[in-house]
Amino acid sequence: LFSLSGLTHESHKKDVEQVYLRCSEGSIEWMYPTGALIVNLRPNTSPASYKHLTVCIKPFKDSAGANIYLEKTGELKLLVRDGDRSPSKVYCFGYDQGGLFIEATPQQDISRKITGFQYELMNKGIAADLHTVSAPCRPCSDTEVLLAVCTSDFVIRGSIQDVTNKAEEQESIIHVGVNKLYRQKSKVFQLTGESGNWRGQIKTLLECGVKPGDGDFLFTGRMHFGEARLGCAPRFKDFQRMYKEAKDKGLNPCEIGPD
């Protein structure tokens with residue numbers, strides 16, 4: 001978390017302050033915003049790879065006091081308007097499209113305002129997977145499933161215990177009971193004390209219409225702002241079939257281990 005306060009230059013309300021961040025993910029908190037803030041993301045990668053990066057920001061739920069712009073060569077494009085209350089909305093843009101320019105809006109009482117957001121830098125291909133607008137709920141092909149097993153942040157065999165629909169956020173939360181944990185990047189799936197079983201939550205789009213049901217699935221997906229987002233999720237028996245067929249032909253892109 002990078003935190004700064006506008007009170008340090010309250011007497012110079014037109015000040016423009018620059019910050020440089022080298023982490024690929026994190027959050028910024030600007031308390032009592034006055035003037036403007038330029039956020040320079042400088043990841044510890046080769047500048048040649050910058051064109052392959054996507055930046056995503058997710059404003060804090062109560063973020064207020066400033067407009068957030070995309071700035072390139074002096075031109076500003078509004079990303080997030082002060083007071084915009086779009087729960088869980090994520091704004092993404094190519095790294096080469098510009099940087100972030102955050103400008104405080106005039107306030108009678110700045111002490112009540114805090115502007116803040118989380119940010120992530122990721123490969124454009126991963127970002128496209130997370131924010132695809134074309135047929136986001138379509139089933140994955142055999143090839144896509146096998147590749148997802150190799151590249152996803154989490155891969156588990158499990159069942160759908162329950163589904164909570166969040167109409168305001170246009171999302172569904174899938175409550176998953178885990179039968180086998182193959183991989184997880186973050187500890188989203190954990191051993192629960194009362195039952196001794198592994199459980200976790202995966203988010204997906206409300207429009208996909210996920211419902212509780214019988215049988216096991218192979219759940220794959222990405223971590224995004226600390227949350228598990230659903231990728232390919234075939235029924236486990238279907239995954240077993242496609243995995244065996246690919247393995248028999250020597251075409252499986254990676255080994256997943258025993259069932």
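**Figure 1. A close-up of Asp214, found in the loop between strand 14 (198–205) and strand 15.** Welcome to this predicted model; our tour starts at a single loop residue. Is Asp214 buried or exposed? Its relative accessibility is 70%, and because exposed means over 50%, Asp214 counts as exposed. Look also for Gln161: Asp214 and Gln161 are 53 residues apart in sequence, while their C-alpha atoms are 8.9 Å apart in space.

**Figure 2. The whole protein, with its three helices and 16 strands.** This view gives some background for the close-ups. The protein has 259 residues, and buried ones make up 40% of them. Among contacts with a separation of 6 or more, 67% are between residues 24 or more positions apart.

**Figure 3. Helix 3 from end to end, residues 236–248.** How far apart are the end C-alpha atoms of helix 3? They are 18 Å apart, which agrees with the 18 Å that its 13 residues should span at 1.5 Å a residue. Just beyond, helix 3 is followed by Gly250, a residue with a positive phi, near 70°.

**Figure 4. The buried side of helix 3, with Phe236, Phe239, Met242, Tyr243 and Ala246.** These five residues are buried. They cover an arc of only 125° around the axis, so they lie on the same side of helix 3. A general rule helps when reading this view: an α-helix has 3.6 residues a turn, so residues three or four places apart point the same way. What do the buried residues of helix 3 pack against? Their partners are helix 2 (142–151), strand 11 (154–166), strand 12 (171–184) and strand 15 (217–224).

**Figure 5. The face of helix 3 turned away from its buried side.** Here you can find Lys237, Lys244 and Asp248, which are exposed.

**Figure 6. Helix 2 packing with helix 3.** The two helices pack at an angle of about 85°, and their axes are 10 Å apart. Helix 2 and helix 3 are therefore roughly perpendicular to each other. Which residues of the two helices meet? From helix 2 come Asp142, Val145, Leu146 and Val149, and from helix 3 come Phe239, Arg241, Met242, Tyr243 and Ala246. Sorted by class, the contact of helix 2 with helix 3 has seven nonpolar residues, two charged residues and no polar ones. Some of these names may be familiar from the earlier view of helix 3: Phe239, Met242, Tyr243 and Ala246 are among its buried residues.

Conventions:
Residues are numbered from 1 along each chain as its sequence is written. This is a predicted model: local features need pLDDT of at least 70, side-chain atom pairs count only at pLDDT 80 or more; totals for chains, interfaces and linings use all residues. Side-chain values use heavy atoms; hydrogens and water are left out. Helices (H or I, at least four residues) and strands (E, at least two) are DSSP runs, numbered from the N terminus. The expected span of a helix is 1.5 Å times one less than its number of residues. Buried means under 20% relative accessible area, exposed over 50%, partly exposed in between (1.4 Å probe, protein chains only). The arc is that of the directions from the helix axis to the C-beta atoms. Contact means heavy atoms within 4.5 Å. Axes are lines fitted to C-alpha atoms, for helices over the stretch in contact, and angles run from 0 to 180 degrees between N-to-C directions. Angles under 35 degrees count as roughly parallel, over 145 as roughly antiparallel, 65 to 115 as roughly perpendicular and the rest as oblique. Ala, Val, Leu, Ile, Met, Phe, Trp, Tyr, Cys and Pro count as nonpolar, Asp, Glu, Lys and Arg as charged, and the others, Gly among them, as polar.
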